[in-house]
Every structure is written in structure tokens, then in C-alpha cells.
Amino acid sequence: ENYAAILRLMQNICYADGKYDIGLGFVRRELAVRRGKPDENLAGSLLQLGTFRQALQNFQDADSAFRAAVAIVQQYYRPGEFILTEAELTLGVNAYLLGNEDEAFAIFSGNLRTNQTEITAVFIQAFQFYGIQLRERGDYRQALEKLELASSAYEAQELTNSIEYASRLVQ
């Protein structure tokens, strides 16, 4: 377990530094350690795998990893519980990036709540993409509500001074 934790830390450092190819190697090593036991730790490793593949814009392979992770997480959590919701939203964000608009919309509409108390980067991105989809469907009131939640989350996490924040505002 310590070895896997070290590998995860190395992955996180690589991700933060934009060294996705190198980090992907650490993810694969962690997966080799965890493969025999389909538990929450393996699900976390699969989410990492999908995240690195997504960062490398390999959305199809990311989709496979996210689906495998969600299948495991569904064995441990009920619908509406934070861990499962976050895993499903990760799948939804990737579906959006893949161009699977209907699947993404279904995942977002089934999982995003306006009274969500814990907000992570995945939730922010999902609220943003869902807001875009609602705007495209002509539901401007709901679109503004979801985009306001994304904007408020950025502000609450003090991310408004980053170039990423500015670029997301103009999309």
C-alpha cells in the first residue's frame, strides 16, 4: 500500500507539472499493483488512468477507464452519494469532450444538484458543460443557474486569477 501511495504522489506531481506521459507510466505501475482486487483503490487508479488519458486528449481510452471505475464504485455507493456522483460526472465530462452530447446531458441532469455542498474541479467542469448544453437547448434560465454555480465555485476556490479561469469565461 505504501508503494501505491508513493506512485500516486508521483502521478499527482507529474499532473501538476503537465508531464502527463511520465505520470501515465506511474499510473500503469499503480494499476499493476492493484489489479487483482476490484475495490475502491482500484477504482481510484482507474479514475487516475482516465484523467491522464483525458489530459493527453485520448478521450476514447479515458472513457473505458472511467466506465470501469464507475462500475466498481457502484458496488460500494448508492446513487446520490458523493463518491459515486463524482465518478459519474467524470464520465459525463469525458462524454462531453468525446462529443457524446446526449450521454453527457443525461449524466449531468441526473447528478448535478444546485444544493451540492462539496464541489470539486469535476463538479465545476460538469456545471460549465451542462450550462453550455442548456444554453444550446434554449433553456437560458437553467443555463445561467448552472454557469453561476460554476462561477461561484471558481470564486470560492480563489481560482479567478488564473489564465484557466479567464479562458473558461470566454468559451
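**Reading the pocket, core and salt bridges of a predicted model**

Guide: The residues lining the largest pocket divide into 19 nonpolar, 9 polar and 5 charged. The model under discussion is predicted.

Visitor: How is empty space located, and how much of it lies in the largest pocket?

Guide: Rolling a probe the size of a water molecule over the atoms shows where empty space is left. Here the largest pocket holds about 1,100 Å³ of space. Its lining comprises 33 residues, and Y15, T51, Q54, A121 and V122 are the closest to the centre.

Visitor: Which helices supply the lining of the largest pocket, and which gives the most?

Guide: At least two lining residues come from each of α1 (2–16), α3, α4, α5, α7 and α9 (163–169). Helix α3 gives the most, with 8 residues.

Visitor: Turning to the largest nonpolar core, which residues touch the most other members?

Guide: A core of this kind is a set of buried residues joined through side-chain atoms within 4.5 Å. In this model the largest one has 39 residues, of which L46, L49, L89, F108 and L112 touch the most other members. Helices α2 (20–34), α3 (40–55), α4 (59–73), α5 (82–98), α6 (101–111), α7 (121–136) and α8 (140–156) each supply at least two residues of this core. The largest share, 8 residues, comes from α7.

Visitor: What does F108 touch?

Guide: Leaving aside residues up to four places away in sequence, F108 touches L89, G92, V93, Y96, A126, F129, Y130 and Q133.

Visitor: How should one read a salt bridge, and how many does the whole structure contain?

Guide: One looks for a side-chain nitrogen of Lys or Arg within 4 Å of a carboxyl oxygen of Asp or Glu. A search of the whole structure finds 9 salt bridges. One of them joins D102 to R137, with the closest N and O atoms 3.6 Å apart. Because D102 lies in helix α6 and R137 in the loop between α7 and α8, this pair ties together parts that are 35 residues apart in sequence. D102 is exposed at 60% relative accessibility, while R137, at 47%, counts as partly exposed.

Visitor: Where do R141 and E145 lie?

Guide: Both are in helix α8, 4 residues apart, about one turn of the helix. The closest N and O atoms of their salt bridge are 4.0 Å apart. R141 is exposed at 59% relative accessibility, and E145 is partly exposed at 29%.

Visitor: In the salt bridge between D39 and K37, is D39 buried or exposed?

Guide: D39 counts as buried, because its relative accessibility is 13% and the cut-off for burial is under 20%. K37, by contrast, is exposed at 54%. The closest N and O atoms of this pair are 3.7 Å apart. Elsewhere, R8, E30 and R34 are linked in a network of salt bridges.

Key: Residues are numbered from 1 along each chain as its sequence is written. This is a predicted model: local features need pLDDT of at least 70, side-chain atom pairs count only at pLDDT 80 or more; totals for chains, interfaces and linings use all residues. Side-chain values use heavy atoms; hydrogens and water are left out. Buried means under 20% relative accessible area, exposed over 50%, partly exposed in between (1.4 Å probe, protein chains only). Contact means heavy atoms within 4.5 Å. On a 1 Å grid over the protein atoms alone, a cavity is a set of points where a 1.4 Å probe fits but cannot get out, and a pocket is an open set with protein on both sides within 12 Å along at least five of seven lines; lining residues have an atom within 4 Å of a point. Grid points are joined across faces, edges and corners, and a volume is the space filled by probe spheres set on the points. Ala, Val, Leu, Ile, Met, Phe, Trp, Tyr, Cys and Pro count as nonpolar, Asp, Glu, Lys and Arg as charged, and the others, Gly among them, as polar.
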